[in-house]
Amino acid sequence: MNGTPEAPLAAPPSSDIPPGLNRWIGRVLVVGVVLSALIELAGLALLLVRGIAPRTGPVRIDWWGIAGGLVALDPYSFFAVGLLVLVLTPFIRVLLSVVAYVRARDLPFVAMTLFVLLVLVGSAAAGVAL
Amino acid sequence: MLEVLGQGPVGSALLVVLFVLGFSVATGYLGALLGLGGGLLLVPMLVLLFHVAPAVAFGASLVAVIATSSGAAASYVGDGLADTRLGMFLEVATVVGGFVGAAVTVFLLAGQTQLLTLAFVPVVLFAAVLMYRSRGAGTWYRPPADGVARSLRLGGSYYDPQLRRVESYEVGRTGVGLIFSAFAGIVSGLLGVGGGLFYVPAMNTFMGVPMRVAGATSNFMIGVTATAGAVVYLLGGDLALFWTAPAVVGMLLGSRLGTLGHRSVSSGSLKRLFVVVLVFAALLMGLRGVGLLG
C-alpha cells in the first residue's frame, strides 16, 4: 500500500505519450479539480452568509434550471455545477489521451481510449435517460 | 448531529460544515499517505453520524474520490511514476464495471438501505486486512510478460528512491488483471469506493507491477473509473449536495497535504491506527445494517 511516491523525482516516463502532452493532462486535472473546489466553496459561503437552512436529505438536481439558480445565487446550484466541473475533468483527460495516441499512431491505444470515452459518455446518457 | 441542524441557526450549519470539512481533510490525508482512497471512511461517517441513505452517501463518496484521485494523479503523471499505458489498458475493464455497479445501486438497490449498509462491511474489512498485511516496496512477484503485454508494450522502468536505482519491470497475466479490474470497477460503482484497494494488489500481486508504480497507476485509474459511476449517481439518482461540498473540498486539501507531508511521518503506526479505525467502522456499519444501532 506504499504506492504513493516520497517526492517528485526525475523518473523515466514509462509511456510514450509525448512529455508535453503528459504535462497538459496533469494541468487539466489540476485546473478542473481546483476550479470545482472553488465553486463548492462559493456555494458553502453563500449558504452560510445568506443563512439558508441546509437541506440534509437527498436532493434531485434540476439541471435545466441550473443557470437561473446560479444567477439567483442559490447555493445548491453552485454545489451541482462544482460537481459537474469535477466530473467533466476526467472526460477531458481521456479525450486528451485519445488525441495523444492518435498523434503517436498507436492504434490499439486509440481504440482503448476511445472505448473508455464511449463508456463514460454512455454512463452519462444512461444516468439522464433512466 | 441532525438535531443541531433542525434548529436552523446559521451557526449550527457552520459547525456541521466545519466538522465534515475537518473529517474529510483527515481521511484525505490518511488516504494519500497510505495509498487508500478516503471513501472507505467518508461513507460510514455520512451513514452512521448523519443518517444519510447509503445509496446517497455512495454518490457523495465517488465524487470526492474523483477530486483526490485527479489531484494526486496530476503530480504522479507529471513525474512519470504512473504507468499510463497500463492504466489505460485496465481502464477498459474498470469503466464498464464502474458503470454497471453504479447502475445496479442507483436503479435497482437505492431503497435497500440495510442491504447496502451490510454490503459495505466486507469491503472495509478487506481493506483492513490488506493494510495489516501490506509488504514493503521493492519485493514483488515477477511473472513473465505475456503476449498481450508484449504486443501492447506494457511495462517500463521507474526510479526507486529506496533502492536508489532505476528498476525495470514487465507486466504479466494481463487476463487475470483485466478480470480483477472489472470486478474492482463493479465494487467501486456499487459501493462508492475508489477501488484502489483492489487495483493495487491486482497489479502488484498478479501482474508483477512494483508497488510504487501500482499505487501511482491506481490513482491515475481511480478518477476515470469513479467518473463512470459518479455520472450515473449525479444524473440519475438523488445527491447529498449539502454533504458533498465540504467532503470534496476537505478530501482534496487532505490528500494534497498527505502527498506533501509524506516523508516526515512514520507510516507504521499510522497503518495500525487506520486498521483499528477501519475495523471499528466495519463493526458499526454491521450493527446498523442488522438494525442493532439506531
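Student: What do the axes of helix 3 of chain A and helix 11 of chain B do?

Tutor: This is a predicted model. In it, the axes of helix 3 (residues 75-103) of chain A and helix 11 (residues 241-260) of chain B come within 10 Å. They cross at roughly 55°.

Student: Why are helix 3 of chain A and helix 11 of chain B called oblique to each other?

Tutor: Set the angle against the cut-offs. Under 35 degrees would be roughly parallel, and 65 to 115 roughly perpendicular. The crossing is at roughly 55°. That fits neither range, so helix 3 of chain A and helix 11 of chain B are oblique. Their crossing is left-handed.

Student: What makes the contact of helix 3 of chain A with helix 11 of chain B?

Tutor: Helix 3 of chain A brings Tyr76(A), Phe79(A), Ala80(A), Leu83(A) and Leu86(A). Helix 11 of chain B brings Leu241(B), Phe242(B), Thr244(B), Ala245(B) and Val248(B). By class, nine of these residues are nonpolar, one is polar and none is charged.

Student: Which angle do helix 3 of chain B and helix 6 of chain B make?

Tutor: Helix 3 (residues 39-50) of chain B and helix 6 (residues 113-133) of chain B cross at roughly 140°, with axes within 11 Å.

Student: Why is helix 3 of chain B called oblique to helix 6 of chain B?

Tutor: Roughly antiparallel needs an angle over 145 degrees, and roughly perpendicular ends at 115. At roughly 140°, the pair belongs to neither class, so helix 3 of chain B is oblique to helix 6 of chain B. The contact joins Gly39(B), Leu40(B), Val43(B) and Pro44(B) of helix 3 with Phe120(B), Val123(B), Val124(B) and Ala127(B) of helix 6. Seven of the residues are nonpolar, one is polar and none is charged.

Student: How do you know whether Ser181(B) is buried or exposed?

Tutor: Compare its relative accessibility with the cut-off. Buried means under 20%. Ser181(B) has 2%, so Ser181(B) counts as buried. Ser181(B) lies in helix 8 (residues 174-191) of chain B. Beyond neighbours within four places in sequence, Ser181(B) contacts Leu90(B), Ala93(B), Thr94(B) and Tyr199(B).

Student: Which residues touch the most other members of the largest nonpolar core?

Tutor: That core has 124 residues. Leu46(B), Leu86(B), Met203(B), Val209(B), Leu241(B) and Trp243(B) touch the most other members. Helix 10 (residues 211-236) of chain B gives the most to this core, with 15 residues.

Student: What does Leu86(B) touch?

Tutor: Leaving out residues up to four places away in sequence, Leu86(B) touches Leu154(B), Val171(B), Met203(B), Met207(B) and Val209(B).

Conventions
Residues numbered from 1 in each chain as written. Chains lettered and ligands numbered in written order. Predicted model: local features only at pLDDT ≥ 70, side-chain atom pairs only at ≥ 80, totals over all residues. Heavy atoms only, no water. Core = buried A, V, L, I, M, F, W, Y, C linked by side-chain atoms within 4.5 Å. Buried < 20%, exposed > 50% of the residue type's maximum accessible area, 1.4 Å probe, protein only. Helix = DSSP H or I, 4+ residues; strand = E, 2+ residues; numbered from the N terminus. Contact = heavy atoms within 4.5 Å. Axes fitted to C-alpha atoms, helices over the stretch in contact; angles between N-to-C directions. Nonpolar A, V, L, I, M, F, W, Y, C, P; charged D, E, K, R; others polar. Left-handed = near helix turned anticlockwise from the far one by under 90°.
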